[in-house]
Amino acid sequence: MLGFIIRPPHQLLSLLSCPGLRIPRFSVLCAPLRLRTMAVSSSWELPLVAVCQVTSTPDKEQNFKTCAELIREAARLGACLAFLPEAFDFIARDPEETQRLSEPLGGNLLEEYTQLARECGLWLSLGGFHERGQDWEQTQKIYNCHVILNNKGSVVATYRKTHLCDVEIPGQGPMRESNSTIPGPSLESPISTPAGKIGLAICYDMRFPELSLALVQAGAEILTYPSAFGSVTGPAHWEVLLRARAIETQCYVVAAAQCGRHHEKRASYGHSMVVDPWGTVVARCSEGPGLCLARIDLNYLQQLRKQLPVFQHRRPDLYGNLGHPLS
């Protein structure tokens, strides 16, 4: 059974061998021990990733301070890569404010994160940046852009959200992402990082398994879904979808999330988490801003894929090849 174990701060370092850690309340979500038929590396040798949960507002400067504090804490605790949620830069009140606050990738905000990555020696997954693309002057619309920075501060991958969230959920309010955003034209091949090969997606993308199947066939070992899930769809679908994507692809799934009330018009569900390839939630944030930590065991992933070789058993002759491999 999964559960939280509360420890005093002076015991923090001893807890890093557990799969997950919640900061700043020092609560740990430990998965049940799994019997494995082959030796694996010591947990201290496995790469550690940090998943940051924040409450973005229209105040870009304050949002950066909050994210920077969590990133520095992740680096202090030994993480090699930190994940930020969708709209880590800001969440505006309306499309007009979104347009006004947006920036190009070469703008001031990304430069601050570039310097932060270099300062901390940490890879960063910037989960959803409001990007003024090269077509900004013609379209006056932005891209929802997932940016990966390496520990030198260089942009090594960009993915522009391909599935836009135009929905009307009773009790949650309508959302029309396409009012201010252009869908991305393509998927990004998985990018090699110190934690493994990461396949990039954003929030609403998780509802389309074809995308995750394409990424895993292209070599992904970790799928990431930075998100800002609503208060109605969150309790109903958030964990179910993330665990499903992990099980069907036999990948780790990392999902940094927005939480709490951003302004008078919008709130998010939170519950950032890491799911292992068996579908077990191995780290989870609860309420409020903070971070959780998880170790990525690629030996376990490869063992599971060998023992349960679902991709060898697929029958495209019967139902087509859902999720064509990326070129």
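How exposed is Glu248, and what is its relative accessible area? Glu248 is partly exposed, with a relative accessible area of 25%; here buried means under 20% relative accessible area, exposed over 50%, and partly exposed in between, for a 1.4 Å probe and protein chains only.

The views show a predicted model, in which local features need pLDDT of at least 70, side-chain atom pairs count only at pLDDT 80 or more, and totals for chains, interfaces and linings use all residues. Residues are numbered from 1 along each chain as its sequence is written, and side-chain values use heavy atoms, with hydrogens and water left out.

**View 1. Arg245 and Glu248 form a salt bridge in helix 6.** The closest N and O atoms of the two residues are 2.4 Å apart; a salt bridge is a side-chain nitrogen of Lys or Arg within 4 Å of a carboxyl oxygen of Asp or Glu. The partners are 3 residues apart, about one turn of the helix. Helices (H or I, at least four residues) and strands (E, at least two) are DSSP runs, numbered from the N terminus. Arg245 counts as buried, at 6% relative accessibility.

**View 2. Salt bridges that share partners form one network.** The residues joined are Arg93, Glu97, Arg100 and Glu264.

**View 3. Glu239 and Arg243 meet in a salt bridge.** The N to O distance is 3.6 Å. Both residues lie in helix 6 (residues 233-249), 4 residues apart. Glu239 is partly exposed at 26%, and Arg243 is partly exposed at 35%.

**View 4. The side chains of Glu103 and Lys60 meet in a salt bridge.** The N to O distance is 2.6 Å. Glu103 lies in the loop between helix 2 (95-101) and helix 3 (108-120) and Lys60 in helix 1 (residues 60-76), so the pair ties together parts that are 43 residues apart in sequence. Both Glu103 and Lys60 are buried. The whole structure has 14 salt bridges.

**View 5. The largest pocket is lined by 38 residues.** A pocket is an open set of points on a 1 Å grid over the protein atoms alone, where a 1.4 Å probe fits, with protein on both sides within 12 Å along at least five of seven lines; lining residues have an atom within 4 Å of a point. Pro174, Met175, Arg176, Glu177 and Arg266 lie nearest the centre of the largest pocket. Strand 10 (173-176) gives the most to the lining, with 4 residues.
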